[in-house]
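Me: I am new to this structure and would like a close look at a single part, the salt bridges. Please start with the overall picture and then set them in their surroundings.

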Amino acid sequence: MCKVCSFDNSRAEAFGQQMVDVINQGALSLMLSLGHRTGLFDVMSELPPSDSQTIANTAGMNERYVREWLGAMVTSRIVNTQRNEDNPDQVVYHLPTEHAAALTRVAGADNIGVYAQYIPLLGYVEDEIVKCFQNGGGVSYDRYNRFHEVMVEDSGLAVISSLLVDVLPLIPGMLEKLNAGIRVLDVGCGSGKALNLMAKHFPNSTFIGYDLCAEPLVKAHQEAVSMGLKNVRFVQKDLTDFDIPEQFDFITAFDAIHDQARPDKVLKGIYSSLKDDGQFLMVDVNASSKVENNVSHPLGTLLYTISTMHCMSVSLAQGGMGLGAMWGREKAVEMLKVAGFTQIKEHLLDQAIQNRYFVISK
């Protein structure tokens, strides 16, 4: 222990201000989620400077709540405000075009409002996570309100929008194979967005999706029916011990492997279920297994938070390994090799900084 401990007042003050900023930004995340879910950002992006009543009426919302929400938007400098020149007692609000480009549905993958939803969603299970800190264990999938709904929207931006144009072309010859007709399996398919998209565009191929949870599979099936698809089906299945020797030409896993109770067993099952000349596409979080390498990650804090409060916990709730979302590329490659894979290529896409694309074959 040091005999003389110095205290840097300027450093303490700067850190104190950083903590105040953290509280404000955390609160802002809740308000961004509300603005996205209510469509207020979308509405404001189409309006000239308007008063709160006009904004509320256009969005079909209650004016008093909209006005208070606008207060948070103004103090966070997301929305500009000014007095109406013709009526100085009236305040008008405007969402700058540059801000709308990061907060509206037309912004696509740049829409931060989608990701802001994770903050209130994860807060829903905070009490249960506190108990896990004290006692171990985890929180089961069914305790997460709206998680599948948000994941569908998230994956729609990060994966679905670029699947046909950018992702599948990463695998040489895959588009031609899908057009000709092959058997495809999606592991941890969730609501089936990726599988239904491929089934629609490649009618000569057959597709099957496996997932542990029944709720998203119902939605996947309903969407397939509404799209008139005859070449896709969805099956509720515990993937821990699945093994269908050499049945599939192409297997995909979109942000699903790290959530599994036993990713090691799932990867071995994928290896066994893949034909000798088949290919495996694993899309997962772009991060390092070493925490010090993630300090400069633009979404590092968010991803560790999601991992702590969901990905790791749902795996532990099943008695699993609890690798979490930040298991990292080093661990992923190690486990792929243990499963038997020898050819592993990694890709990054500019429009999806949170994802790493592993193209894998035997």
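Reply: What follows goes from the whole chain to its cores, then to the salt bridges, and ends with a few single residues.

The model is predicted. The protein has 15 helices and 9 strands, and 46% of its 362 residues count as buried. Its C-alpha atoms fill a box of roughly 75 × 70 × 35 Å along the principal axes. The accessible surface is about 18,500 Å², and carbon and sulfur atoms account for 52% of that. Among contacts between residues at least 6 apart in sequence, 69% join residues at least 24 apart.

The largest nonpolar core holds 34 residues. Among those with the most contacts inside this core are Leu163, Leu178, Phe207 and Phe250. Elements that each supply at least two of its residues include helix H9 (147–167), helix H11 (193–201), helix H12 (214–226), strand E7 (274–285) and strand E9 (355–361). A second, separate core of 25 residues includes Leu239, Phe248, Phe280 and Leu336. As for Leu178, its contacts beyond four places in sequence are Leu168, Val184, Phe202, Ser205, Phe207 and Phe250.

Now the salt bridges, of which the structure holds 13. One of them pairs Lys193 with Glu223, and their closest N and O atoms are 2.7 Å apart. Lys193 belongs to helix H11 and Glu223 to helix H12, so this pair ties together parts that are 30 residues apart in sequence. Both of these helices are also among the elements that supply at least two residues each to the largest core. Lys193 has a relative accessibility of 34% and therefore counts as partly exposed, whereas Glu223, at 19%, counts as buried. The cut-off for buried is under 20%.

Asp276 and Lys362 form another salt bridge, with 3.6 Å between the closest N and O atoms. Because Asp276 lies in strand E7 and Lys362 in the segment after E9, this bridge ties together parts 86 residues apart in sequence. Asp276 is exposed, at 55% relative accessibility, while Lys362 is buried, at 18%.

A further bridge joins Arg356 to Glu346, and here the closest N and O atoms are 2.9 Å apart. Arg356 is in strand E9 and Glu346 in strand E8 (residues 343–347), so the parts tied together are 10 residues apart in sequence. Arg356 counts as buried at 14% relative accessibility, and Glu346 as partly exposed at 27%. This pair is part of a network, in which salt bridges with shared partners join Arg329, Glu346 and Arg356.

Some residues elsewhere complete the picture. Ser50 sits in the loop between helix H2 (40–46) and helix H3 (52–59). Although in a loop, Ser50 is buried, at 7% relative accessibility. A polar atom of the Ser50 side chain lies 2.6 Å from the backbone oxygen of Pro48. Leaving aside neighbours within four places in sequence, Ser50 is in contact with Ile55, Val91, Val92 and Tyr93.

On the surface, Phe15, Met19, Val22 and Ile23 make a nonpolar patch of about 380 Å². Met19 lies in helix H1 (residues 9–37) and is partly exposed, with 32% relative accessibility. Another methionine, Met151, lies in helix H9 and is partly exposed at 24%. The C-alpha atoms of Met151 and Lys200 are separated by 21 Å, and these two residues are 49 apart along the chain.

How values were computed: Residues numbered from 1 in each chain as written. Predicted model: local features only at pLDDT ≥ 70, side-chain atom pairs only at ≥ 80, totals over all residues. Heavy atoms only, no water. Core = buried A, V, L, I, M, F, W, Y, C linked by side-chain atoms within 4.5 Å. Buried < 20%, exposed > 50% of the residue type's maximum accessible area, 1.4 Å probe, protein only. Helix = DSSP H or I, 4+ residues; strand = E, 2+ residues; numbered from the N terminus. Contact = heavy atoms within 4.5 Å. Patch = residues over 30% accessible without salt bridge, like charges linked within 9 Å, V, L, I, M, F, W, Y side chains within 5 Å. Areas by Shrake-Rupley, 256 points an atom, 1.4 Å probe, with all protein chains shown as cover. Salt bridge = Lys/Arg side-chain N within 4 Å of Asp/Glu carboxyl O. Polar contact = N/O pair within 3.5 Å; in protein donor to acceptor, adjacent residues only side chain to side chain.
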